[in-house]
Amino acid sequence: MDRKNMIYDKEAEKSQYKNVRIYRNTKNGQSIYQAQFTSFNGCNPNSKFYESEREAAKAVDMHMISNGRTPVNILTKKNQ
């Protein structure tokens, strides 16, 4: 996945998932999706890029679960 020509497209449709941004390639128009991970105090965001929007949303949820928070996108809390 080449991110050299990728830009954040503010005019593009927004992602339906929280903490997921859409980037478009300026040469061929392909999209990649960025999962944004934030710390508990909201500072120091980390991110990772994925081929699909669903994969990025799932990664955000997994990060939240690993930090003891409830998922907000695809995954749900398991009833015990």
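Among contacts (heavy atoms within 4.5 Å) between residues at least 6 apart in sequence, 28% join residues at least 24 apart. The model is predicted: local features need pLDDT of at least 70 and side-chain atom pairs count only at pLDDT 80 or more, while totals for chains, interfaces and linings use all residues. Residues are numbered from 1 along each chain as its sequence is written, and side-chain values use heavy atoms, with hydrogens and water left out.

The protein has 1 helix and 4 strands, taken as DSSP runs numbered from the N terminus (helices H or I, at least four residues; strands E, at least two). Along the sequence, these elements follow the pattern β-β-β-β-α.

Of the 80 residues, 32% are buried, that is, under 20% relative accessible area with a 1.4 Å probe, protein chains only. The largest nonpolar core, a set of buried Ala, Val, Leu, Ile, Met, Phe, Trp, Tyr and Cys residues joined through side-chain atoms within 4.5 Å, has 12 residues, among them Ile22, Phe37, Tyr50 and Met64. Two or more residues each come from β2, β3 (31-37) and α1 (53-66); α1 gives the most, with 5 residues.

The structure also holds 1 aromatic pair, for which ring centres must lie within 6.5 Å. The centres of the Tyr23 and Phe49 rings are 5.5 Å apart and their planes stand at 75°, so the pair is edge-to-face, a class that requires planes over 60 degrees apart. Tyr23 lies in strand β2 (residues 20-25) and Phe49 in strand β4 (residues 46-50), so the pair links distant parts of the chain, 26 residues apart. Both Tyr23 and Phe49 are buried.

Methods
Phe/Tyr/Trp six-rings, centres within 6.5 Å; stacked < 30°, edge-to-face > 60°. Buried < 20%, exposed > 50% of the residue type's maximum accessible area, 1.4 Å probe, protein only.
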